[in-house]
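Me: I'm new to this structure and would love a close look at one part of it. Could you walk me through the sheet and the helices packed around it?

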Amino acid sequence: IPQISYASTAPELSDPGRYAFFSRVVPPDSYQAQAMVAVVRALGWSYVSTLASEGNYGESGVEAFVQSSREAGGLCIAQSIKIPREPRPGEFAKVIGRLMETSTARGVVLFANEDDIRRVLEAAILANLSGHFSWVGSDSWGAKMAPVQGLEEAARGAITILPKRASVPGFDEYFTSRSLENNRRNLWFHEFWEEDFNCRL
């Protein structure tokens, strides 16, 4: 079944041998990693740490960043830290402690989910290190307020990446006007309708 995704950024989905019927309208994380390397180099940093949420998104993103940094040259990775999928109490204090082991690497590149970002920032505040780190965040942080709300002092100066996006004129009006009577193009529309309105047709 051909699929078009609006949000799947995993690099392995670019493999036409495995995913011949998959396409997407967002760039893979490897492009985002290249942009992050460019940002880090533009800032004149040569020594950074990476922080990833355990799982495909975080680990693949950091892997792509490390690969891009090798290709670009002149960038040294102090350490790569992985946040467990189910962190134990005190885990984020340990993360901040580990980052401080290489305290001269003040730049931290994050490929982490919103909750992990939030908890890292909280741990930085609790360790009285709000202004110590300079964060470069992936699109999971992007322009979202949720990861930083109430933690602005720890996030101040962060640079986050977000794929370019634009509104398509008329799309919202068209999409919200679809009904059982006027939809003839989408074979699965009735399934959506039943799910959305909790009914049986």
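Reply: Happy to! A good place to begin is a database record: in an unreviewed entry, UniProt lists residues 1-184 as "domain: Receptor ligand binding region". Please keep in mind that what you see is a predicted model. Over residues 1-184, the chain is 35% helix and 17% strand, and the C-alpha atoms at the two ends of that stretch are 19 Å apart.

Some orientation before the close-up. The chain has 7 helices and 7 strands, and along the sequence they follow the pattern β-β-α-β-α-β-α-β-α-β-α-β-α-α. The chain is divided into domain 1, residues 29-160, and domain 2, residues 168-200. The C-alpha centres of these two domains lie 40 Å apart, and the C-alpha trace of the chain spans about 65 × 35 × 30 Å along its principal axes.

Now to the sheet. It is an open sheet of 5 strands, with parallel pairing, and the order across it is β4-β3-β5-β6-β7. The edges are taken by β4 (76-83) and β7 (159-160); each has a single partner strand, so one side of each is left without a neighbour in the sheet. Elsewhere in the sheet, you can follow one pairing in detail: β5 (residues 107-111) and β6 (residues 134-137) run parallel and are joined by 4 bridges. If you want a spot to find on screen, look for L110, which stands opposite G137 in β6.

Next come the helices that lie on these strands. Helix α2 (residues 56-72) lies across β3 (47-53), β4 and β5, and runs at about 155° to β3. Helix α3 (residues 91-101) also lies across β3, β4 and β5, running at about 170° to β4.

Each of these two helices also packs against another helix. For α2, the partner is helix α1 (residues 29-42): their axes are 8 Å apart and the packing angle is about 50°. That angle makes α1 oblique to α2. The crossing is right-handed. On the α1 side, the contact is made by D29, S30, Q32, A33, Q34, M36, V37, V40 and R41, while α2 brings Y57, G61, A64, F65, S68, S69 and A72.

For α3, the partner is helix α4 (residues 114-126), and here the axes come within 9 Å and cross at roughly 70°. An angle from 65 to 115 degrees counts as roughly perpendicular, and α3 and α4 are therefore roughly perpendicular to each other. This crossing is right-handed. The contact is made by F92, A93 and I96 from α3, together with D116, R119, V120, A123 and A124 from α4.

To put the picture together, start at the parallel sheet, find α2 and α3 lying across its strands, and then look for α1 beside α2 and α4 beside α3.

Conventions: Residues numbered from 1 in each chain as written. Predicted model: local features only at pLDDT ≥ 70, side-chain atom pairs only at ≥ 80, totals over all residues. Heavy atoms only, no water. Domains from an automatic or database assignment. UniProt positions renumbered as here; feature names shortened; annotations may be inferred. Pairing = 2+ DSSP bridges. Contact = heavy atoms within 4.5 Å. Axes fitted to C-alpha atoms, helices over the stretch in contact; angles between N-to-C directions. Parallel < 35°, antiparallel > 145°, perpendicular 65-115°, else oblique. Left-handed = near helix turned anticlockwise from the far one by under 90°.
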